[in-house]
Amino acid sequence: MQHSTHDSPSLPANMPIAGHIDPVPVPRPGLVDGVTPREDGRVDLIGLPKKQIAALFETAGLDVKAAKLRAKQVYHWLYHRGVTDFEGMTDIAKTMRPWLAERFVIGRPEIVEAQVSTDGTRKWLLRTADNHDFEMVFIPDADRGTLCVSSQVGCTLNCRFCHTGTMRLVRNLTPGEIVGQVMLARDSLNEWPNAAQNPRDGGGLHQPSVLQPEAPAFAGAHLDDEDDDEGAYTADGRLLTNIVMMGMGEPLYNFDNVRDALKLVMDGDGLALSKRRITLSTSGVVPMMARAGEEIGVNLAVSLHAVTKPVRDEIVPINRKYGIEELLQACADYPGASNARRITFEYVMLKDKNDSDDDARELVRLIKQYKLPAKVNLIPFNPWEGAPYECSTPERIKAFAKIVFAAGISAPVRTPRGRDIDAACGQLKTAAEKKSRAELDRLAEEKMAALG
């Protein structure tokens, strides 16, 4: 049964996840205010806002004024300068630094493996403090660099074309684990202020000769290049210019933590990345889309992938809960959407499944019916072992794009990036998660039944 967008106006931020296969992650014992307790008793400060850091300092024994001052200093060093050791905080008294080190720690996700593709794309296999693995991807291009950030360990949605969707959901990532991905990427790219004077190893991936290859326009994260008129990054030479919440997981099923992490990323006193350079991708968690626009305010991308109910029910099962009409209405209502900030519709091209001329014409009709300021990214299907689909032919993709373009809607075809290291769209999946084709089919059938 489908639900109206007005049925649940105030769903909890960590809303129930559809189906019985992947239940809502149970909060881990001892998790306090989004912080995972450590065996040594110290508190990891990464992922915490300035006020929470000040409160921790006050609890640890500083008076209110001193706690506020130290929090401001530490926050600057953590998020603006990227230090990983209190000794590097040179404007804090030397006698104060050991006091901080005894009580607090500056964390990063553990790097389990780091790979670099022949096209310059790089992928990190990361591990949480409680030994769960997840991945992030950096996609360099001649004039930009985009980090694909994960929001969950695993995924619950089971989109049939997506390798990540074959994983069971383990848990939500904390704000620190989400923003920690951005910080780790900056470490690895030597992108902090004065990085040349204070180089970091960052997993041994700083290879300037590889980072800016002559390559097709940015492809892997499905974004159009036309609207980036704010904050041209050539001024400071940064390699990491854009963030997409398109890694493992559904960001809107981990709303609070994603919001809190992105606030640190967008804070002018923190990582200071413009919201115009951040895109959040959802498979269609309709009740949370308005909140995302109001409380986060970044660009919206929607994993559409089909224009009829039977096909979308099959390849994006959440469609059984929130149908195409509800989804497109939520897009029409998305705060801040305009011709200058169009909604991106991601559309993976699957041979003989969603790639006909009729599909293209229906896509145009729907976009015009809901008067959406839209662009469509056509994504050639990225194969993986056991996948039930094939990629549309180049000729079919070109014909599909021509119909959409003729209607005045931008529909670029994205050249896959990082396929050789399984870093392309829909390929993220930790090596620890291997399932047979029979298991994949069984999981898919059970999830589809649960959503029915």
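Reader: I'm new here, so let me start with one residue: is Phe-104 buried or exposed?
Author: Phe-104 is buried, with a relative accessible area of 3%, where buried means under 20%, exposed over 50% and partly exposed in between, using a 1.4 Å probe and protein chains only. This is a predicted model, in which local features need pLDDT of at least 70 and side-chain atom pairs count only at pLDDT 80 or more, while totals for chains, interfaces and linings use all residues. Residues are numbered from 1 along each chain as its sequence is written, and side-chain values use heavy atoms, with hydrogens and water left out.

Reader: And how many aromatic pairs are there?
Author: The count comes to 5 aromatic pairs, taking rings of Phe, Tyr and Trp (its six-membered ring) whose centres lie within 6.5 Å, with planes under 30 degrees apart called stacked, over 60 edge-to-face and the rest tilted. One of them is the tilted pair of Trp-99 and Phe-104, at 6.3 Å centre to centre and 55 degrees between the planes. Trp-99 is buried as well, with a relative accessible area of 17%.

Reader: Which residues make up the cluster with Trp-99 and Phe-104?
Author: Ring pairs join Phe-57 to those two in a cluster.

Reader: Switching to charges, what sits over the ring of Tyr-75?
Author: The charged end of Lys-50 does, 4.9 Å from the ring centre; the rule asks for NZ of Lys or CZ of Arg within 6 Å of the centre and within 35 degrees of the ring normal. Arg-186 likewise lies over the face of Trp-192, at 5.3 Å from the ring centre.

Reader: What about the sheet, in what order do the strands run?
Author: The open sheet has 9 strands in the order β3-β4-β5-β6-β9-β10-β11-β12-β13, with mixed pairing. Strands (E, at least two residues) and helices (H or I, at least four) are DSSP runs numbered from the N terminus, and two strands pair if DSSP finds at least two bridges between them.

Reader: Why do β3 and β13 each have one side without a neighbour?
Author: β3 (110–116) and β13 (374–380) stand at the edges with a single partner strand each, so one side of each has no neighbour in the sheet.

Reader: How do β10 and β11 run, parallel or antiparallel?
Author: Strand β10 (residues 278–282) and strand β11 (residues 299–303) run parallel and are joined by 4 bridges, and Ser-281 has Ala-301 in β11 as its bridge partner.
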